[in-house]
Structure formats: structure tokens, C-alpha cells
Amino acid sequence: MTEQQQWEEVMSILRTVDDPELPSVSVFDLGMVHAVHVSGVDVQITMVPTFAGCPALDIIKNNVKQAVENVPWVERCDVAFSFQALWSTDAITEEGKKQLKKYGVAPPPENYIPGEEWSVDCPYCESAYVTMDNIFGPTACRSILYCRSCKNPFEAMKPVIQYSLS
Ligand SMILES: [Zn+2]
């Protein structure tokens with residue numbers, strides 16, 4: 001197996017590790033995988049935390065480590081979070097957005113301009129007729145909204161755009 005094949009295998013594993021707070025959405029599709037480095041039987045993974053306030057980083061780290069170390073040729077997998085690399089909601093893949101909707105979470109708005117008001121469509125019926133119910137969702141990363149068309153409450157991921165200074 002070439003190093004390229006090993007790298008691809010690790011990437012495909014990362015597509016199967018879900019965020020503990022968003023079951024069915026993988027850490028890969030959330031745009032959290034920053035770099036994967038394979039050298040022989042060692043794998044080093046650098047990840048970017050999605051939201052500074054989310055407490056699940058240790059769980060994610062362990063889940064990723066375990067999943068990758070289950071690959072037969074991997075002897076050791078180190079997972080580190082980089083706080084230098086910046087994550088934004090734009091890093092979520094199309095697949096990730098689809099999965100979020102299935103889970104009843106509206107993906108963050110695209111082309112969001114920091115500081116401006118934002119709106120999302122209902123993940124169930126796509127209606128734009130929604131009201132912000134409570135900006136403090138179950139975690140700091142999510143808001144609770146209410147759809148006036150299908151009468152469902154739903155969550156939305158808050159848009160986050162960060163600019164690197166480098
Ligand atoms: Zn709706």
C-alpha cells in the first residue's frame with residue numbers, strides 16, 4: 001500500500017467519525033480536519049475546533065484516535081487541535097449541510113457578512129418564514145428557531161467567519 005493509499009484510507013475513516021453533538025455529521029464534513037500526515041505506521045492528524053465554546057473536543061479527539069487506530073496497518077494515531085488554523089462555517093461540506101438538515105439543524109447561511117443580520121430556511125420544509133425563538137440554543141454554537149410554515153422548532157448553526165491574520 002502506498003502512502004497515498006494510506007492517506008486516502010485515513011480520510012475515508014474520518015468521514016465516518018461523527019461529531020458527538022451532531023450525530024450523523026462527520027468531523028470531516030464539518031470541515032474540522034486540517035491536515036493528515038502518514039509516515040509508515042504512524043498517523044498524525046491536525047484538527048480545527050469548530051467553536052471555541054464547544055466542550056466536546058476531548059471526545060472528538062478520542063473518537064478520531066480510536067477509529068484510525070482500528071485500521072490494521074496503523075500502529076499509532078496522534079490527534080491534535082490547532083488553534084492557529086481558523087475554522088469558519090464555510091468549511092462545512094455540501095454533504096455536511098445535507099446531513100445537518102436531516103438532523104433538523106439548518107446549515108449556516110452562505111455568504112454571511114460578519115456583524116450583519118442573518119437568516120436561514122427551515123430544514124424541514126425550506127420555508128423562509130421563520131422566527132428566532134431563543135438565540136441561546138443547547139450549545140453556544142446553535143440557535144433555536146421556529147418555522148411558522150410547518151410549525152416546527154429547529155436549530156440553526158450560527159455563522160462563524162474568522163479571518164486569519166497571517
Ligand atoms: Zn418548516
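User: Which elements of the chain have the lowest and the highest mean pLDDT?

Analyst: Strand β7 (residues 130–134) has the lowest, 76, and β4 the highest, 97. Here pLDDT is the predictor's confidence in each residue, from 0 to 100, and strands are DSSP runs of E with at least two residues, while helices are H or I runs of at least four, numbered from the N terminus. This is a predicted model, where local features need pLDDT of at least 70, side-chain atom pairs count only at 80 or more, and totals for chains, interfaces and linings use all residues. Residues are numbered from 1 along each chain as its sequence is written.

User: What is the mean pLDDT of the chain?

Analyst: The mean is 87, and 89% of the residues reach 70 or more.

User: How many helices and strands are there?

Analyst: Three helices and nine strands, following the pattern α-β-β-β-β-α-β-α-β-β-β-β along the sequence.

User: What makes a set of residues a nonpolar core?

Analyst: Its members are buried Ala, Val, Leu, Ile, Met, Phe, Trp, Tyr and Cys residues, joined through C-beta atoms within 7 Å. Buried means that 20 or more other C-beta atoms lie within 10 Å of a residue's own, with C-beta atoms placed from the backbone. The largest such core has 35 residues, and V27, V33 and V43 touch the most other members.

User: Why does this core lie between domain 1 and domain 2?

Analyst: Because domain 1 (3–81) and domain 2 (104–157) both give residues to this core. The domain bounds come from an automatic or database domain assignment.

Definitions and conventions: A residue is buried if 20 or more other C-beta atoms lie within 10 Å of its own, exposed if 12 or fewer, and partly exposed in between; C-beta atoms are placed from the backbone.
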